[in-house]
Amino acid sequence: LFFHSPADPAEEEEEEEEMPATEKDLAEDAPWKKIQQNTFTRWCNEHLKVLNKRIADLQKDLSDGLKLIGLLEVLSQKKMYRKYHLRPNFRQMKLENVSVALEFLEREHIKLVSIGKRFCPWLGAPCGSDR
């Protein structure tokens, strides 16, 4: 005769702590996010070859705005409308560079799709407005 005891309390806690599928998809380390990040990084690097520049980490490498500006200039074959900081040492300078890039997109009537208006995680900076 076997007695079946209810599940071990430790097992019950483990099951409760498991994330629902939607939370797993939104997690920082979700597999689809890594795939998109790698694909976008390769695409950027393909275009940045012209400038002898390379991106290894999207958030770090785009955060000062310089490679983002370079990428936009290569893709559009135009120069930025405003001056920007070539050696952005301070956070404010980096944010100004990102703003220059975003203004360029706005003036060129290029919309950023699926990007919130408050913060771009890969840029580590504000994204401007959704229009």
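**Close-up views of the helical chain**

**View 1. R82 and its salt-bridge partner.** With a relative accessibility of 38%, R82 is partly exposed. This is a predicted model, and here the side chain of R82 meets that of E103 in a salt bridge, 2.6 Å from N to O. E103 sits in helix α6 (residues 91-107), while R82 belongs to the loop between α5 (66-76) and α6, so the pair ties together parts that are 21 residues apart in sequence. E103 is partly exposed too, at 33% relative accessibility.

**View 2. A cavity lined by both partners.** Zoom in around R82 and E103 and you'll find that both of them line the largest cavity, along with Y81, V100, F104 and R107. The volume of this cavity is about 30 Å³, and the structure holds one cavity of 30 Å³ or more. What lines it is a mix: three nonpolar residues, three charged ones and no polar ones.

**View 3. K79 meets E73.** These two side chains form a salt bridge with an N to O distance of 3.9 Å, which just makes it under the rule that the atoms lie within 4 Å. The two ends sit in rather unlike surroundings: K79 is exposed, with 63% relative accessible area, whereas E73 is buried, with 14%. E73 is also one of the buried residues of α5, the helix shown in the next view.

**View 4. Helix α5, tucked in.** Of the 11 residues of α5, eight are buried, so this helix is largely enclosed by the rest of the structure. Besides E73, the buried set consists of L66, L68, I69, G70, L71, L72 and V74. What do they pack against? The neighbours are α3 (31-48), α4 (58-62) and α6. Just after α5 comes Q77, where phi turns positive, near 55°.

**View 5. I69 and the nonpolar core.** In soluble globular proteins, nonpolar side chains tend to be buried together. The largest nonpolar core here has 16 residues, and the ones touching the most other members are I55, L62, L68, I69, L72, M80 and A101. Elements giving two or more residues to this core are α3, α4, α5 and α6. The biggest giver is α6, with six residues. Follow I69 of α5 outward and, leaving aside residues up to four places away in sequence, it touches M80, Y84, N97, V100 and A101. V100 turns up again in the lining of the largest cavity.

**View 6. E46 and K49.** Another salt bridge joins E46 to K49, with the closest N and O atoms 3.3 Å apart. K49 is exposed, at 52% relative accessibility, so it clears the cut-off of over 50%. E46, at 47%, counts as partly exposed. A search of the whole structure turns up four salt bridges, among them the pairs of E46 with K49, K79 with E73 and E103 with R82.

**View 7. Stepping back to the whole chain.** The chain has six helices and zero strands, so its pattern along the sequence reads α-α-α-α-α-α. Buried residues account for 26% of the 131 residues in the chain. As for contacts with a separation of 6 or more, 39% of them join residues 24 or more positions apart.

Notes. Residues numbered from 1 in each chain as written. Predicted model: local features only at pLDDT ≥ 70, side-chain atom pairs only at ≥ 80, totals over all residues. Heavy atoms only, no water. Buried < 20%, exposed > 50% of the residue type's maximum accessible area, 1.4 Å probe, protein only. Helix = DSSP H or I, 4+ residues; strand = E, 2+ residues; numbered from the N terminus. Contact = heavy atoms within 4.5 Å. Core = buried A, V, L, I, M, F, W, Y, C linked by side-chain atoms within 4.5 Å. 1 Å grid on protein atoms, 1.4 Å probe; cavity = no way out; pocket = protein on both sides within 12 Å on 5 of 7 lines; lining within 4 Å. Points joined across faces, edges and corners; volume = space filled by probe spheres on them. Nonpolar A, V, L, I, M, F, W, Y, C, P; charged D, E, K, R; others polar.
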